Amino acid sequence: MLFRSKFLLFGDYSIGGKPFRTRLSAHPDLQTIAFDFATIPGPDGPVNGAALTKEGQILIAGAFASVGSLRTEHVARLMPSGQIDPTFSVSLGGRTISAFGAQASGIQPTPEGGAMVWGAFDSWNNIPRPGIVKLDRAGNIDISFRSEEHTSELQSPCNLVCRLLLEKK
């Protein structure tokens, strides 16, 4: 099953109606909400980035700790229907020493079925990963990718993600 809607809106917003939508909604056009897209309740914090995988799943990243009843800090993978993909699990997510708290700013699928995540964090699952982390297909940290090896070329995590993904093609 592929994601059928033309538009996926994400951010820090609410849309009234029944059922009520919070922070993530699908739309077949600019005036209609796809009520069969099942993210109820939505993420409990803002969604800062989203991407579609080649399988039609939806990766989301942000400043949330759970989606629906599943605890999944900062990153989640949804099925095309909007339901949480139970095979993708992020336990602790990002951590920071900053007083402002950790959050994921963006996400990009990898050719292997995992994800590159970047944002305001110093570690991920208690493993030092300043600003960027690579997750495998199940949502576990890929310890073979070390962001500090790329610091000389790292102007922003997004630039690094784009370069690394292009190298894989």
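This passage describes two sheets and two nonpolar cores of a predicted model. Residues are numbered from 1 along each chain as its sequence is written, and side-chain values use heavy atoms, with hydrogens and water left out. Local features need pLDDT of at least 70 and side-chain atom pairs count only at pLDDT 80 or more, whereas totals for chains, interfaces and linings use all residues.

An open, antiparallel sheet of three strands has the order β3-β4-β7 (strands are DSSP runs of E with at least two residues, numbered from the N terminus; two strands pair if DSSP finds at least two bridges between them). Strands β3 (47-52) and β7 (75-78) each have a single partner strand, so one side of each lacks a neighbour in the sheet. The twist averages 20° from one strand to the next (axes are lines fitted to C-alpha atoms; angles run from 0 to 180 degrees between N-to-C directions). Five bridges join β3 to β4, and A51 has L59 of β4 as its bridge partner.

A further open sheet of three strands, also antiparallel, follows the order β9-β10-β13. Its edge strands are β9 (103-109) and β13 (132-135), and its twist averages 25° from one strand to the next. Four bridges connect β10 (residues 115-120) with β13; L135 in β13 is the bridge partner of A115.

The largest nonpolar core (buried Ala, Val, Leu, Ile, Met, Phe, Trp, Tyr and Cys residues joined through side-chain atoms within 4.5 Å; buried means under 20% relative accessible area, 1.4 Å probe, protein chains only) has 16 residues, of which V75, I107, V117, W124, V133 and L135 touch the most other members. Strands β4 (58-62), β9, β10 and β13 each supply at least two residues of this core. A second, separate core of eight residues includes L24, I58, F64 and A76.

Notes:
Buried < 20%, exposed > 50% of the residue type's maximum accessible area, 1.4 Å probe, protein only.
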